[in-house]
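Please follow this account of the empty spaces inside the protein with the model open beside it, moving from enclosed space to open space.

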Amino acid sequence: MSGRSEADLVIVGAGAAGLAAGLAARAGGLDVVIVEAAGRIGGRALTDKTGLPSGPYDIGCHWMHDASENPLAALALSHRKALRNQPHPDGVPRWLAMRGAVMDAATRADCAAYYLRCFTALEEAGAAGADRVGAEILDTSSPYYPLFRGWAGAIYSVPPERISTGDIARQMETPENWPLEHGYGAMIAEILGDQPVTLDCPVRRIDRAGKHIRVETAQGTIEADDVILAVSSTVLAEGAIAIEPGLPADVLSAIEAVPLGHAERVGIALTERLDGIGDQAPGHILTRNGDQIGLMIHEFGRAELTGYLSGDLARDLGRAGKEAAFAFLRDALKEVFGAGIEKRITGWVASQWSGDPLIRGAYSHAVPGRAHLRPRLAEPVEERLHLAGEATHPTRFASAHGAYMSGLRAVGHVMARRNRTGLADRPVPGA
Ligand SMILES: Cc1cc2nc3c(=O)[nH]c(=O)nc-3n(C[C@H](O)[C@H](O)[C@H](O)COP(=O)(O)OP(=O)(O)OC[C@H]3O[C@@H](n4cnc5c(N)ncnc54)[C@H](O)[C@@H]3O)c2cc1C
């Protein structure tokens with residue numbers, strides 16, 4: 001921050017939303033300070049470049065969902081990033097193991113048909129205008145329900161008993177999902193991160209009572225005309241940043257209506273690929289204890305496995321620590337492939353989003369019955385205070401590109417206000 005005490009705009013949080021807002025505001029000629037509590041940029045966009053001998057590994061966002069309508073996909077293409085076009089593995093597991101045994105093709109097809117019935121029922125309930133609890137409309141007596149329960153948790157960040165069908169109906173997504181070979185997190189850091197950000201600078205209090213908003217940070221106080229708060233909905237809901245006067249009641253209710261659910265990624269590199277399983281094979285495991293794991297096998301042709309953990313399991317392991325998440329996946333693999341698999345592991349990495357006090361979960365979901373409150377977050381809190389972040393996008397929430405777009409939207413509100421009030425005519429320091 002280097003002694004800064006004034007700015008046109010302070011942006012709190014340097015995830016995809018905050019970084020996008022920073023670029024847009026600077027391009028518009030504003031004097032901007034971005035303050036980030038962590039010692040790095042990116043937030044939930046993070047690629048680990050050293051942990052796995054098999055290659056760079058996304059700890060957070062990985063799939064460029066919605067690719068043909070995703071502005072980050074356009075940016076990746078313009079920077080000639082290597083990517084793969086693959087339908088998101090949301091339906092048919094190409095490999096399935098239940099309680100220690102690998103299932104045959106007929107069982108996989110049966111399981112896939114059940115998944116399809118579940119997804120269709122959830123979508124139809126939402127499309128019919130109902131905001132119901134997901135589990136109420138599913139056949140929970142199916143032997144595949146424990147598998148679906150975990151997989152739905154991965155997609156929506158909560159298990160069916162906490163899914164809002166109204167939120168599902170709002171979410172817009174095309175079926176294109178393109179993972180980037182060198183990492184989505186790395187791409188976001190490279191393309192959006194080329195701007196000044198003050199790291200290790202948590203914001204503790206925002207005082208919006210006076211003529212200027214006062215942003216109190218660990219490195220001093222900055223006075224600004226406008227503030228964009230681009231932290232996660234759960235960080236805000238749990239009051240990690242004191243805001244005075246407090247947020248209006250409708251904004252608070254909307255924030256509380258879209259908390260983060262839980263998901264963690266564990267990557268394991270192997271000495272060699274698993275026999276008889278092709279590249280990019282989505283697989284599912286139901287452990288002997290009844291836990292579900294989404295697997296991505298041999299992504300980019302690598303001798304590598306991703307275990308995707310969700311729901312309460314992810315919450316507990318994410319809080320217990322990375323070793324616990326790794327040990328869980330390793331033991332689940334031993335159930336299916338035998339104890340010998342352990343000797344073939346050459347490296348591992350794991351996320352810990354639920355245990356990170358600066359994030360506190362994975363991605364947002366609406367509490368059943370309250371999905372209609374989400375769009376309030378896309379409006380200015382009041383004239384000078386704006387929210388950004390994935391949870392604030394009315395239709396592209398829970399994604400990195402939704403976060404990016406929310407940052408641009410917030411800057412649009414700032415610019416419009418400055419034009420309305422004549423603030424735009426103020427000389428820009430250093431211009
Ligand atoms: C396991 C996992 C898998 C995912 N997979 C995908 C995927 O495949 N595709 C996809 O599109 N999306 C995916 N996502 C979601 C995507 O990563 C997020 O939606 C997106 O990165 C959120 O960006 P954001 O800017 O809204 O928030 P964040 O990335 O959370 O950024 C908020 C920033 O605010 C900072 N902060 C917090 N408190 C303070 C404070 N007091 N002062 C200053 N700074 C503060 C934080 O440190 C953080 O850097 C995934 C997420 C997870 C966790």
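In this predicted model, the lining of the second largest cavity is made up, by class, of eight nonpolar, four polar and two charged residues. The space that this cavity encloses comes to about 80 Å³, and of the 14 residues that line the second largest cavity, V231, S233, A388, A391 and T392 are the closest to its centre. The total count of cavities of 30 Å³ or more is three.

The largest cavity has a volume of about 100 Å³, and among the 13 residues in its lining those that lie nearest the centre are Y156, D167, S364, H365 and F397. Sorted by class, the lining of the largest cavity holds eight nonpolar residues, four polar residues and one charged residue. Both α4 and α5 (165-170) supply at least two residues of this lining, while at the level of domains at least three lining residues come from each of domain 1 (6-44 + 184-259 + 365-425) and domain 2 (89-174 + 263-350).

Turning to open space, the second largest pocket holds about 210 Å³, and which helices each supply at least two residues of its lining? They are α4 (145-156) and α9 (311-320), so named in the lining of the second largest pocket, where the residues include P146, R149 and G150 as well as S310, G311, D312 and L313. Also in the lining of this pocket are P159, G290, D291 and Q292, and the residues of the lining divide into three nonpolar, five polar and three charged.

How values were computed. Residues numbered from 1 in each chain as written. Predicted model: local features only at pLDDT ≥ 70, side-chain atom pairs only at ≥ 80, totals over all residues. Heavy atoms only, no water. 1 Å grid on protein atoms, 1.4 Å probe; cavity = no way out; pocket = protein on both sides within 12 Å on 5 of 7 lines; lining within 4 Å. Helix = DSSP H or I, 4+ residues; strand = E, 2+ residues; numbered from the N terminus. Nonpolar A, V, L, I, M, F, W, Y, C, P; charged D, E, K, R; others polar. Points joined across faces, edges and corners; volume = space filled by probe spheres on them. Domains from an automatic or database assignment.
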